[in-house]
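Reader: I am new to reading protein models, and I would like to take a close look at a single part, the place where the ligand sits. Could you walk me through that part carefully?

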Amino acid sequence: MQSVTIVWFKRDLRLSDHAPLFHALNSNRKILLLFIYDSFMRGSTLHSERHLHFQLESLYDLNQQLKHFNTGILSVEGNAAEIFLMLSEHFSIGEVVSYRESGTSDTFARDKIIQKLLRSKGIHWNEFPRTGIKRGCESRQTWCSDWEEQVRGEALIIDLHKGLFVSNTEFNQLPFKHLETRTPQKRFVQPGGRSYALQYLHSFLVERHRGYFKHISKPESARFHCSRLSAYIAWGNLSISEIWQKAQDTLLEGSRRDLQQFVTRLKWQAHFVQKFETDGRIEFENQNAAFNVVRNDVNLHWVKAWKDGLTGYPLVDACMRCVAETGYLNFRMRAMVVSFFTHHLWQPWQVGAEWLGAQFLDFEPGIHFPQFQMQAATTGLHTIRIYDPLKQSLEHDLDAVFIGKWLPELAVLPAGLIHQPHLLTPLEERLYNFRRGIDYPLPLVDIKASGSKAGEMLWQILKSQEAQRESARILKMHVISPARKKAMRSLR
Ligand SMILES: Cc1cc2nc3c(=O)[nH]c(=O)nc-3n(C[C@H](O)[C@H](O)[C@H](O)COP(=O)(O)OP(=O)(O)OC[C@H]3O[C@@H](n4cnc5c(N)ncnc54)[C@H](O)[C@@H]3O)c2cc1C
């Protein structure tokens with residue numbers, strides 16, 4: 001049996017600046033490139049078809065590059081343990097290499113099983129850290145400088161000519177459920193794969209970043225002026241270091257302020273993932289346990305209305321329909337729909353997090369869950385922000401371009417009336433041939449009342465001794481110095 005190094009691709013679907021692949025190329029073994037789509041993801045509401053589609057497009061792209069080497073990525077669906085077991089019957093596995101995943105509880109549980117299995121077979125699994133992310137990180141004292149050192153470091157040069165690969169013909173015969181990769185295509189949702197990732201990066205650095213900070217909160221123009229790199233980062237088509245370095249190269253020619261704001265956010269990416277890596281239970285549990293006493297009941301009718309974009313608040317509804325169709329919302333709109341769900345509708349954040357996790361093409365558990373808890377005010381560390389959807393609407397979509405696009409039933413109304421269709425007079429209803437509550441729902445809640453009720457309840461808990469004790473515990477776990485605490489509060 002031939003001895004192989006298996007490079008297990010997870011959320012790192014690229015062939016450049018890839019530490020495990022670099023390592024494999026320097027081993028003297030044949031290399032088998034592997035991707036597994038875990039069968040448990042099919043039944044999960046969090047891991048959606050949309051994510052799989054993006055991964056299949058990314059794999060297609062990689063296979064195009066690997067064609068010249070008479071290989072590709074063995075892409076299979078199934079139970080990871082069974083797949084590794086079967087592979088160990090066909091190959092003598094010298095080593096498995098991969099990036100270490102800060103994933104959801106189900107991928108974490110899977111990894112523990114794989115670790116045990118490989119150990120029982122005497123196979124070493126070498127897990128490489130993602131940029132800036134430390135497992136078992138006990139102190140954040142040097143975290144920032146370590147992150148900076150890593151992104152500044154030279155990108156790993158991957159020379160595929162150095163490797164000897166297990167060929168397509170060899171692995172296609174293996175009795176697996178092989179996945180069919182897909183040609184990336186431009187459609188409503190961003191296409192997967194490195195080629196598109198590089199196009200987005202290039203157009204952002206050359207042109208689109210001008211006006212980044214001015215437009216970052218606007219639901220319509222942020223789609224153009226923000227980088228739109230999140231999905232390519234989440235699925236690893238690009239490494240953070242290469243983005244960071246290319247952005248540095250552009251600083252002199254581009255709009256410095258915009259690029260600096262952008263670069264700061266690249267650090268936030270790792271900062272949030274590190275939080276999740278350190279405390280993975282926040283996928284399900286309130287980060288600050290003092291908040292366990294509230295939002296324990298689900299109103300199925302309201303949850304459905306929120307998911308379907310039928311709450312009676314146009315900007316919220318436009319966002320919910322837009323994300324279902326395109327998989328993307330800018331930061332402010334994400335924060336607003338979560339705020340509406342958890343504060344105004346007073347629903348458990350876990351229900352919303354599952355739904356939006358499946359919708360977001362860039363679903364990254366390490367950002368998603370900590371951000372959800374921040375917006376739901378269950379961390380006890382951040383200012384409680386209760387967004388008023390009407391105010392957001394007037395500030396960020398005054399001409400109702402975004403609302404009109406996603407709520408065609410309101411397009412008959414002039415921009416001045418579209419933000420509050422429930423306030424139309426009977427005369428206006430006749431004039432615009434629009435029926436309040438029939439053509440578009442009346443508001444589910446009165447936001448003035450719901451907002452102040454939520455604020456009162458949350459502040460009361462926040463002031464409690466239990467919440468303070470919990471906050472101190474959380475701060476100790478995630479942050480150290482007062483300067484760091486201040487920096488954290490400024491994270492939007
Ligand atoms: C409730 C909620 C859930 C979120 N879930 C996700 C998620 O699953 N995956 C995800 O990538 N982002 C998530 N975000 C963060 C943020 O909204 C997106 O990263 C950003 O909108 C993506 O657009 P962009 O790539 O154009 O970002 P840009 O503004 O161009 O930023 C560049 C990159 O920096 C990182 N980044 C930007 N903003 C943040 C932030 N606030 N926190 C952490 N990293 C950031 C992302 O990797 C992003 O691609 C969430 C935010 C909220 C409020």
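**The surroundings of the ligand**

Author: The protein has 24 helices and six strands, and, as a point to keep in mind throughout, the model is a predicted one. The C-alpha trace spans about 80 × 50 × 50 Å along its principal axes, and the radius of gyration is 24 Å, which agrees with the value near 23 Å that a compact globule of 492 residues would have.

Turning to the part you asked about, the ligand sits in the largest cavity. The shell around the ligand holds 29 residues, of which Tyr212, Ser227, Arg228, Ser230 and Asp362 come nearest. By character, these shell residues divide into 17 nonpolar, six polar and six charged. Several helices take part in the shell, since helix H10 (230-234), helix H12 (256-278), helix H15 (331-344) and helix H17 (365-376) each supply at least two of its residues, and H12 gives the most, with six residues.

It helps next to look at individual atoms. Arg228, one of the residues that come nearest, has a backbone N or O atom 2.8 Å from an oxygen atom of the ligand, while a backbone N or O atom of Glu364 lies 3.0 Å from an oxygen atom of the ligand. With His368 the side chain is involved, as one of its polar atoms lies 3.3 Å from a nitrogen atom of the ligand. Taken on its own, the ligand has 830 Å² of accessible area, and the protein covers 98% of that area.

Conventions: Residues numbered from 1 in each chain as written. Predicted model: local features only at pLDDT ≥ 70, side-chain atom pairs only at ≥ 80, totals over all residues. Heavy atoms only, no water. Near = heavy atom within 4 Å. Polar contact = N/O pair within 3.5 Å; in protein donor to acceptor, adjacent residues only side chain to side chain. Areas by Shrake-Rupley, 256 points an atom, 1.4 Å probe, with all protein chains shown as cover. 1 Å grid on protein atoms, 1.4 Å probe; cavity = no way out; pocket = protein on both sides within 12 Å on 5 of 7 lines; lining within 4 Å. Sits in = over half its atoms within 2 Å of the grid points. Helix = DSSP H or I, 4+ residues; strand = E, 2+ residues; numbered from the N terminus. Nonpolar A, V, L, I, M, F, W, Y, C, P; charged D, E, K, R; others polar. Rg over C-alpha atoms; globule rule 2.2 N^0.38 Å.
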